[in-house]
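Me: I'd like to learn how to read a few features of a structure, one at a time. Could you walk me through them, starting with charged pairs?
Reply: Happy to, so let's put the structure up.

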Amino acid sequence: MEFFQIVVSIVMLPAFLLVMRYNMHMFQLNGYFNGEHRDWLKQKHGKQRSLLFLCVFGVLSAVFPTALPLMALLVTALVVWRYYQFLKKINTKKNIVYTHRVQRMIGADIVLAVVIAAAAVWGSGISVLPGTLAVLTALQMFVFLLINILMKPFEKMIKNRYIRDAERILAANPDLKIIGVTGSYGKTSVKFYLQTLLSSRYSVLVTPESYNTPMGVVKTIRESLRSTHEIFVCEMGARKTGEIKEICDFVHPDHGLITSIGPAHLDTFHSIDNIVKTKFELADSLPEGGTLFLNGDNEYLSENSGKYPNVVFYRNHSAGAGYCAGNIHLSQKGTEFTVTAPSGETEKFQTRLLGEHNIINIAGAIAVANTFGIPLKELRVPVRRIRPVPHRMEMIERGAVTIIDDAYNSNPVGSRAAVETLKNFDGIRILITPGMVELGDREEEYNYKFGGYAADCCDYVLLIGRRHTAPIEKGLLEKGFPGERCHVYEHLRDALDFAYGIRAEGHKFILLENDLPDNY
C-alpha cells in the first residue's frame, strides 16, 4: 500500500505544477489584482470544477488510506493532469511571462506547499501525502490571493526602487522630450505610427509591444533608454482611476495625446465618467507650455477639453480647427486621404492600412510630427512606410481568400468600424467573432448592437462560443439577417473550415474580429 501511495504522490506532482501554472497565468492576466481575480474565479468557477473532485478524493484517501479511495484519486489526478495540459496548449494569445514577480510568487507557493506536505507526513505518516498533495493542488485556485497579500509590502518596496531608478535615468536626460499616449483604444497603434513618422528626423524610443503599465514603462526606461534618444513615446494604459497619474508622476510627460474615450474595461472602471477622469490624468500632468493632442471626433474629448490652454485637435469628420483628414478612399490595397494643417497646408497621403478609424489615428501622429517641425510633405514617405500593428486590421492574402486580422482586441467603436470597412470590399464578406468582453453590465447591449451593425455589412457571420455571442445573433436576426447564414461554433478552427468551404463566386474576405483573452 505504501508503494501505491508513493506512486499516486508522484503522479500528483505534475498535476500540481500544471494547475499552479494555469492559475498563476490567470492571476497575471488579471493584473495581480485580488478583486479582479476573485471576480474571475466567481465567473469561471466551472472551468476548474475537476479540482473539487480532486479535493474530495484527496480528503477521502487521507482519512481512509485504502485502495479504493487511492485509485479514485489516481484517476482524478490523471484527468486533471491531461486537462491542464490542454489549457496550457490553448491559452496562447498572451503567454505567461515569468517576470521576477511571478518567479517570487511561484517560489513562495512551492515553499508553502513543501512545508505543509512535510508537516503532514511528519505528523501522520506517508499515508496522508497523496491526499495532502491533492488538496494543495485544488487550493491553487485561491493560494495566489493569499500570497499576493503576504508579499504586498515587499513588492511595493521593489516597485518603488525600480521607479526611483527610472526617475534617475530620466533626470540624466534633461533634453529628452516625452510624449504620453493614452486612450480607450488606438493607443498602441498611434504609438507605433508616431515612431515611424518621428524617426524620419529624430532618435525615438517607444514602449515595446503593449507595454503600458507602470512596471512596463519602468522596464523600458531602465533597459532601453539611451542618451542618444531625443523623443520617448510612452504608452499609458489603465483599468482603474489613478493609474495614468501613477505613470505620469514618475515619467513627467512634456506632451500628451489622447486617442479616444469609450466603453472599454467597464468591468473595472464601472462608468464612462471614471474613464474620462482617468484618461485626462495625462492632460492634468502636462507642464505649462505642453501640448495636448486630442481626437476631435470623440465627443468625450472635445467636451472636456475647455480647461486646457494648449490643445491641438485632429479629426476625420467633425468640423473645427486642427488637423483635418478628408477625401478618404478605400481600396483592397489600402487607403488614400488628405490632411489639412491649421496653417492651411494640405497634403495627400497613402497608406496600406484599412478603415477610417486607422486614418484618424494616422492623422493624430501627423499632427504631432508636424508640430515637432516635420513638414507635411516630408511625412508622405513615412506614412507609406507605416505597417499594420499585428492583429489590428492586418491584411493577409491567401490566394482566393483575404484574411483581415483584427483579432487583438475589440471594442464597440472599433468593431463597428471593422465591419463597415468589410462592407466596402467587393466579394463574399465573412465575419468571424467571439464577441466583446470586459464591458461590465453593458456587455450584452454592446454585443447586440454589434449584431445590428454586422447585419448590414456581412454576407456570412460565424460566431465562436454561444455564451458571449447570443446577443450578437439576436441583433443579427432582428435586423433581418438570414438565419441560414449565421452559424455558432465552439472553436475558431471549425468556423474557418466552414468559411473556406463556402461555395460562391467571388473573392472571400474573412474578418477575424477579436480573440478573447486567455482568461475568458
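Reply: In this predicted model, the count comes to 19 salt bridges. The cut-off behind that count is a side-chain nitrogen of Lys or Arg within 4 Å of a carboxyl oxygen of Asp or Glu.

Me: Let's take one pair. Which residue forms a salt bridge with Glu378?
Reply: The partner is Arg201, and the closest N and O atoms are 3.2 Å apart. Next, look at where each residue sits. Glu378 belongs to the loop between α14 (356-371) and α15 (380-385), while Arg201 belongs to the loop between α8 (187-198) and β2 (204-206), so this pair ties together parts that are 177 residues apart in sequence.

Me: Are Glu378 and Arg201 buried or exposed?
Reply: For this you need the cut-offs: under 20% relative accessible area is buried, over 50% is exposed, and partly exposed is in between. Glu378 has 43%, so it is partly exposed. Arg201 has 41% and is also partly exposed.

Me: Where in the chain are Asp284 and Lys307?
Reply: Their side chains meet in a salt bridge, at 3.9 Å from N to O. Asp284 is in helix α12 (residues 272-284) and Lys307 is in the loop between α13 (299-303) and β6 (311-315); they are 23 residues apart, and the pair links distant parts of the chain. With a relative accessible area of 46%, Asp284 is partly exposed, whereas Lys307, at 62%, is exposed.

Me: What separates Glu445 and Lys449 along their helix?
Reply: Here the spacing in sequence is the thing to read. Glu445 and Lys449 are four residues apart in helix α17 (residues 443-455), so about one helical turn separates them. Their side chains meet in a salt bridge, 3.2 Å from N to O. Glu445 is partly exposed at 30% relative accessible area, and Lys449 counts as partly exposed at 36%.

Me: Which residues are joined into one network by salt bridges that share partners?
Reply: That network consists of Asp165, Arg168 and Arg222.

Me: Let's turn to helix packing. How do the axes of α1 and α7 cross?
Reply: Start with distance and angle. The axes of α1 (residues 2-29) and α7 (residues 140-171) come within 9 Å, and they cross at roughly 55°. That angle makes α1 oblique to α7. As for handedness, the crossing of α1 past α7 is right-handed.

Me: Which residues make the contact?
Reply: From α1 the contact uses Phe16, Val19, Met20, Asn23, Met24 and Phe27, and from α7 it uses Gln140, Met141, Phe144, Leu145 and Asn148. Sorted by class, the contact of α1 with α7 has eight nonpolar residues, three polar ones and no charged ones.

Me: One last feature, the backbone. What is the phi of Tyr32?
Reply: Check the sign, then the residue type. Tyr32 has a positive phi of about 65° although it is not a glycine. You'll find Tyr32 in the loop between α1 and α2 (34-43). At 16% relative accessibility, Tyr32 counts as buried.

Me: And where is His252 placed?
Reply: His252 is in the loop between α10 (243-251) and β4 (255-258). His252 has a positive phi as well, of about 55°, although it is not a glycine. Its relative accessible area is 49%, so His252 is partly exposed.

Definitions and conventions: Residues numbered from 1 in each chain as written. Predicted model: local features only at pLDDT ≥ 70, side-chain atom pairs only at ≥ 80, totals over all residues. Heavy atoms only, no water. Axes fitted to C-alpha atoms, helices over the stretch in contact; angles between N-to-C directions. Helix = DSSP H or I, 4+ residues; strand = E, 2+ residues; numbered from the N terminus. Parallel < 35°, antiparallel > 145°, perpendicular 65-115°, else oblique. Left-handed = near helix turned anticlockwise from the far one by under 90°. Contact = heavy atoms within 4.5 Å. Nonpolar A, V, L, I, M, F, W, Y, C, P; charged D, E, K, R; others polar. Buried < 20%, exposed > 50% of the residue type's maximum accessible area, 1.4 Å probe, protein only.
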